[in-house]
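Here are some exercises to work through with the model open in your viewer. Try each task before you read the solution under it.

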Amino acid sequence: MERLPSNLDDTDEFLKNRISLIEVGFREAYKKEESQIRFAETNPKMAEFLGKNTKTHSTLYNMSANELNKRFRDARFPLHYHNGFVQIEADKLISTEIEQPFWSLVSEPLWENVDLDMKEALDQRDSGGKDPALYAAKALESTIKIISSELNITHGKENGAHNFIENIGKKDVGFIRSWEADFLKSYFTKVRNPLGHGPGKEEMPRLTAEQTNWAIESAMSWIKLLVQRYTLLPERVQ
């Protein structure tokens with residue numbers, strides 16, 4: 001067994017290398033699960049057979065992922081594994097109540113772009129990158145667009161997020177209430193739009209670290225709510 005290096009910098013590199021190796025292994029397992037789900041969706045004749053295998057693989061994968069996250073917590077490492085990636089866990093309560101349910105919900109192929117943009121938001125935040133909140137807003141916008149499309153209410157004349165929010169907020173659709181639509185529109189007006197457009201002669205918009213965390217956590221909360229509500233629609237419940 002390889003001994004831990006005595007030098008602090010070498011120890012840091014030692015741990016990062018091993019965590020990266022674990023991450024790669026889990027990512028391959030995650031990709032296998034995704035590929036089985038996609039194949040079953042396009043091959044109905046194989047769906048029953050693959051369904052049993054996928055369920056077994058999914059159970060083992062989830063058990064292993066949960067154990068990895070428990071080991072991170074026990075070792076007091078501020079890390080969390082989800083959907084193929086190990087990322088920094090900024091707050092345990094937020095992780096438990098928002099992030100973990102969020103990653104579970106968006107692991108389905110339908111929400112792939114949502115998953116990717118939110119991972120990018122966290123990577124940008126953790127590495128000090130530019131505008132991580134913008135990626136969180138993109139993830140939220142994708143969620144709204146997907147739901148609008150899946151409900152067959154996208155008409156093709158939408159000009160932006162506000163129009164898609166109006167789609168799912170129509171009285172005859174009833175997916176969200178009018179006050180929820182107002183909150184969602186406000187998020188895009190106050191958070192996404194200033195970051196997503198050139199400021200001209202005005203000061204370059206920037207969010208503080210606290211505001212960035214709020215923007216990401218708010219987007220996650222909204223996405224979690226919307227996806228949960230979508231999965232519980234009568235025509236979706238088996």
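**Exercise 1. Which residues is S142 in contact with, leaving aside its neighbours within four places in sequence?**

Solution. Keep in mind that this is a predicted model.
- Step one: skip everything within four places of S142 in sequence; what remains in contact is N113, V114 and D117.
- Step two: place S142 itself, which sits in helix α5.
- Step three: place the partners. Helix α4 covers residues 112-126, and V114 and D117 are among its buried residues.
- Step four: check S142 for burial. Its relative accessible area is 18%, and the cut-off for buried is under 20%, so S142 counts as buried.

**Exercise 2. Work out how α5 and α8 are packed: what are the angle and the axis distance?**

Solution.
- Start with the ranges: α5 runs over residues 132-150 and α8 over 209-231.
- Next, the geometry. The two helices meet at an angle of about 15°, and their axes lie 8 Å apart.
- Angles under 35 degrees count as roughly parallel, so α5 is roughly parallel to α8.
- For the handedness, α5 goes past α8 in a left-handed crossing.
- Now list the contact. From α5 come P132, A133, A136, A139, L140, T143, I144, I147 and E150, while α8 brings T212, A215, I216, A219, W222, I223, L226, V227 and Y230.
- Sort those by type and you get 15 nonpolar residues, two polar and one charged.
- Finally, look at burial in α8: the buried set there includes A215, I216, W222, I223 and Y230.

**Exercise 3. Take the end C-alpha atoms of α4, α5 and α8: how far does each helix reach?**

Solution. Go through them one by one, with 1.5 Å a residue as the yardstick.
- α4 has 15 residues and reaches 21 Å from its first C-alpha to its last, close to the expected 21 Å.
- α5 has 19 residues, so it should span 27 Å; the end C-alpha atoms are 28 Å apart, which agrees.
- α8 has 23 residues and should span 33 Å, and its end C-alpha atoms are indeed 33 Å apart.

**Exercise 4. Find the positive phi values around α4 and α5. Is D131 buried or exposed, and is N152 buried or exposed?**

Solution.
- First stop: G128, which follows α4, has a positive phi near 75°.
- Second stop: D131, in the loop between α4 and α5. Its phi is near 55°, which is positive in a residue other than glycine.
- Third stop: N152, just after α5, with a positive phi of about 60°. N152 isn't a glycine either, and its place is the loop between α5 and α6 (161-169).
- Last step, accessibility. D131 has a relative accessible area of 17%, so it's buried. N152 comes out at 70%, so it's exposed.

**Exercise 5. Zoom out to the protein chain: how many helices and strands does it have?**

Solution.
- Count the elements: there are eight helices and two strands.
- Read them along the sequence and the pattern is α-α-β-β-α-α-α-α-α-α.
- Then burial: 39% of the 238 residues count as buried.
- To finish, take the contacts with a separation of 6 or more. Residues 24 or more positions apart account for 58% of them.

Technical notes
Residues are numbered from 1 along each chain as its sequence is written. This is a predicted model: local features need pLDDT of at least 70, side-chain atom pairs count only at pLDDT 80 or more; totals for chains, interfaces and linings use all residues. Side-chain values use heavy atoms; hydrogens and water are left out. Axes are lines fitted to C-alpha atoms, for helices over the stretch in contact, and angles run from 0 to 180 degrees between N-to-C directions. Helices (H or I, at least four residues) and strands (E, at least two) are DSSP runs, numbered from the N terminus. Angles under 35 degrees count as roughly parallel, over 145 as roughly antiparallel, 65 to 115 as roughly perpendicular and the rest as oblique. A crossing is left-handed if the near helix is turned anticlockwise from the far one by less than a right angle, and right-handed if clockwise. Contact means heavy atoms within 4.5 Å. Ala, Val, Leu, Ile, Met, Phe, Trp, Tyr, Cys and Pro count as nonpolar, Asp, Glu, Lys and Arg as charged, and the others, Gly among them, as polar. Buried means under 20% relative accessible area, exposed over 50%, partly exposed in between (1.4 Å probe, protein chains only).
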